[in-house]
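Hi there,

Here is the structure I promised to send over. Have a look first, and my notes follow below.

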Amino acid sequence: MTASTAVSAVSALQAALAAENAAIFGYGVAGAHLTGSSLAAAEQDWTTHQEARDALTVVIRRLGAAPVAAQAFYQLPFPVHDATSATALAAYLEDGVTSAYLGLVAVSDQRLRRFGALAMQGAAQRAAFWSGSTQAFPGLSVP
Amino acid sequence: MLPLLLATTGCRSSSLFAGPDPLAGRPPLRHDVLTLQAVIAAEENLISLYEAAINDDSGTAPQDARSRTLTPLLAQHEQHLAQLRARLIEPPGQPASPSASAAGSSASPRPVRVTTARLRAAERASAAGLVQRLATVEPALAQLFASIAASDATHVTVLAEKALG
């Protein structure tokens, strides 16, 4: 891996880590408004994002960079005050994670491309669960 | 004067002038073009499967229930196909890319029932195949493949949730 591609890979990994950190925060907010099976699903997804954060942290450190730190607070995209808005927030967070991993698919390292693509699939499936619908191009802006 | 100069310097015209050699014949198809053609053919096959499943009235679930579930997924596959075709720029004079209709011409004339399980398997195989191809294509195409694979993965989940026969 050359220096320029390494930088590109690290920046894509950092973007994915930032999205995972935001998702962890957001699921904490969403979970406070959910009950029953929805709460259980949110807790499971929250755990998934924590595991992904830990995995990305290890990879970034191996590449010689310092993982981007989580913020103490994240601006929510809209007010979250009930189960409906909490569910919409979960879908929004997963869309953001899907988009972040899309950047990883563009790096030259083939293993990272595959890692990013598989992470996109998980996030897209969770987004579909929360939104109740599938997308033709998860994470990608298509004209 | 120019031919003399070329002769004295020992240069061939092809090494002095950039661009394809007009005497070299048809250039080989780039790897990305071949990959796109294969992915387009696979997408066309997937669309054919959905069309067969939607039109099949021998299933256990009512046909309108099948159609209600499968039609939105089919529409997304048609969007995939449109985007893939938009990226395909074939040099003039090349033979047409392989397609589902061409492949279907040698298939058995008896229609095979397309179950939800078969669609699910096809979606899973499509997602895996696209991820497999990521390594060798240019970044923008890799991102399109990854996004389509993610869409296919969500279809697998939808099909697993629906018992449509």
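Which residues of helix 6 of chain B are buried? They are Thr116(B), Leu119(B), Ala122(B), Glu123(B), Ser126(B), Ala127(B), Leu130(B), Val131(B) and Arg133(B). Here a residue is buried if 20 or more other C-beta atoms lie within 10 Å of its own, exposed if 12 or fewer, and partly exposed in between, with C-beta atoms placed from the backbone. Helices (H or I, at least four residues) and strands (E, at least two) are DSSP runs, numbered from the N terminus.

Some housekeeping before the rest. This is a predicted model, where local features need pLDDT of at least 70, side-chain atom pairs count only at pLDDT 80 or more, and totals for chains, interfaces and linings use all residues. Residues are numbered from 1 along each chain as its sequence is written, while chains are lettered from A and ligands numbered from 1 in the order in which they are written.

Back to helix 6 of chain B. Its buried residues pack against helix 4 of chain A as well as helix 3 and helix 7 of chain B. The length of the helix checks out too: at 1.5 Å a residue (the expected span is 1.5 Å times one less than the number of residues), its 18 residues should span 26 Å, and the end C-alpha atoms are 26 Å apart, which agrees.

Just ahead of that helix, Val114(B) is found in the loop between helix 5 (100-104) and helix 6 of chain B. Val114(B) counts as buried because it has 20 C-beta neighbours inside 10 Å. Beyond its neighbours within four places in sequence, Val114(B) is in contact (C-beta atoms, placed from the backbone, within 7 Å) with Leu49(B), Ala52(B), Ala53(B), Asp56(B) and Leu119(B). Val114(B) and Ala52(B) are 62 residues apart along the chain, yet their C-alpha atoms are separated by 6.5 Å.

For chain B as a whole, there are 7 helices and 0 strands. Of its 165 residues, 27% count as buried. Among contacts in chain B with a separation of 6 or more, 80% come from residues 24 or more positions apart.

Helix 4 and helix 7 of chain B pack at an angle of about 170°, with their axes 11 Å apart; axes are lines fitted to C-alpha atoms, for helices over the stretch in contact, and angles run from 0 to 180 degrees between N-to-C directions. That makes the pair roughly antiparallel (over 145 degrees). Residues making this contact include His80(B) of helix 4 and His155(B) of helix 7.

Now to where the chains meet. The contact takes 23 residues from chain B and 23 residues from chain A. On the chain B side, helix 7 of chain B provides the largest share, 14 residues. That side divides into 13 nonpolar, 10 polar and no charged residues; Ala, Val, Leu, Ile, Met, Phe, Trp, Tyr, Cys and Pro count as nonpolar, Asp, Glu, Lys and Arg as charged, and the others, Gly among them, as polar.

Finally, the largest nonpolar core (buried Ala, Val, Leu, Ile, Met, Phe, Trp, Tyr and Cys residues joined through C-beta atoms within 7 Å) has 70 residues. Those with the most contacts inside this core include Leu104(A) and Phe145(B). Helix 1 of chain A gives the most to this core, with 12 residues. Leaving aside its neighbours within four places in sequence, Leu104(A) is in contact with residues including Ala12(A), Ala16(A) and Phe115(A).

Enjoy exploring, and best wishes!

Notes
Two residues are in contact if their C-beta atoms, placed from the backbone, lie within 7 Å. Angles under 35 degrees count as roughly parallel, over 145 as roughly antiparallel, 65 to 115 as roughly perpendicular and the rest as oblique.
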